[in-house]
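Please open the model in your viewer and set it to show side chains as sticks, with the surface hidden for now. The tour below moves through the enclosed spaces of the interior, one selection at a time.

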Amino acid sequence: MQDEDIGAWSAEYISRTIGAVTRLTGLSVCLYDLNRLRTLDGAKNIDWRHESAFCTAVRMLPEGRAACIQSDVIEGVAQAEREGRACLHTCHAGLCELVVPIMLDERMIGEAFVGQCRLRGGLGWPSVEKCLRPFGRGVETLKARYFELPEVALSDLWDAAALLDNSFRYLVSRLGEDALSSYCAACEPTHVERARKYIDDHFSLPIGAGDVARELHITAAHLTRLFRRAVGESVTDYITRRRIERACEYLRSSEIPIGSLAVNVGFPDQNYFSRRFRAMTGLSPSAYRKKYQQNDTTEGE
C-alpha cells in the first residue's frame, strides 16, 4: 500500500472508530497525538472537540481556560501515562470523562478523551458546584448548562474504552509511531491554522467567514468544511467566541461603557452584542461586570 493510501486508510479507520463511540455514548471524542501536542505548543493552542455549552461557559470564567488546560492537557495526560490503561478522569469542574491511552509497547504516543458527561448515579450538581466555587460568583448560571450534558452509564463508558483500546492497538500494530499522524494532520490543516491566526489578530474588525476565506485565497464553502472538521465549530461561531472572550476580559478589568466595549471587540451594536453575550455566558454584560468586579473587591478585603 502506498504511503498516501496508508494515511487515508488510517484516517478513515480512526474516523469510523470515533463515530462508533459517539453513537454508543452520545459523547464526543478528542484525540491527542502526543508528538504533535508536545512539539507544536499544543497545550497553549489546544481545541476541545468534546465541546459543550457548559465547558464553553466555564472557560469564560476568570482563569477558566487555564484551568481547563491544566486539567485536560497536563493532568489528564499524566494520569493516563501513570495508569497505562483506560481510566476515568474528573476534570477541575467536577465532570467525568473517559481517558484511553494509546500505547506503543510501554510508551504512550496518544490519548483519547471521551466526554464530558454526567455519570449516571454520580454525585451530581452539588459536587460540580463545589468545584466551581473558587471561580467566584456567577457559577450558579452554569447549572442549566450542566443538566444539558449527556447522562451516561458507567458500563457504556467502559464499553467505549474497550472499543477504543482494541481499535488503537490494532492500528498501532500496523503503523507504529505514525498511527495517529494522518488523522491529526487532517484535523488541523494549514488553512485552518492560518484562519485561526487571522481571526485572532482581526476579530475586533467587521470580518466574517468570507473575509477570512479571501485572505487564504480559498472559497468560503471550502474553509467552512475544513474549519468545522478541525475546530468543531463554524468560522462565524469562532469569531463570536473570541469577541465574547475579549469582552469578558474588558468587563472584569475596566469601566469601558458597554456600547463602546461592544464596538471595540467587533460587534456592530450594543443590543446584538448583549444578546450574543447572554447566550454564551448566561448573563448580561452589565450583570457579568457587576458580579466579577464585586467578587474581586470582596477578595481584596
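How many nonpolar, polar and charged residues does the lining of the largest cavity have? Keep that question in mind while you make the selections, and bear in mind throughout that this is a predicted model.

Two cavities of 30 Å³ or more are held within the structure, and the tour begins with the largest cavity, which encloses about 90 Å³ of space. Select C55, C68, C91, H92 and Q116, which lie nearest the centre of this cavity among the 13 residues that line it. Next, colour α4 (53-59) and α5 (64-83), the elements that each give two or more residues to this lining; α4 makes the greatest contribution, with four residues. The answer to the opening question is that the lining of the largest cavity has eight nonpolar, three polar and two charged residues.

Now move to the second largest cavity, where about 70 Å³ of space is found. Select A57, L61, T141, T281 and Y292, which are the closest to the centre of this cavity out of the eleven residues that line it. Then colour α15 (270-281) and α16 (285-300), since you can follow the lining along these helices, each of which supplies at least two of its residues.

Which classes make up the lining of the second largest cavity? Eight of its residues are nonpolar and three are polar, while no charged residues are present in this lining; in the largest cavity, by contrast, two charged residues belong to the lining.

Conventions: Residues are numbered from 1 along each chain as its sequence is written. This is a predicted model: local features need pLDDT of at least 70, side-chain atom pairs count only at pLDDT 80 or more; totals for chains, interfaces and linings use all residues. Side-chain values use heavy atoms; hydrogens and water are left out. On a 1 Å grid over the protein atoms alone, a cavity is a set of points where a 1.4 Å probe fits but cannot get out, and a pocket is an open set with protein on both sides within 12 Å along at least five of seven lines; lining residues have an atom within 4 Å of a point. Grid points are joined across faces, edges and corners, and a volume is the space filled by probe spheres set on the points. Ala, Val, Leu, Ile, Met, Phe, Trp, Tyr, Cys and Pro count as nonpolar, Asp, Glu, Lys and Arg as charged, and the others, Gly among them, as polar.
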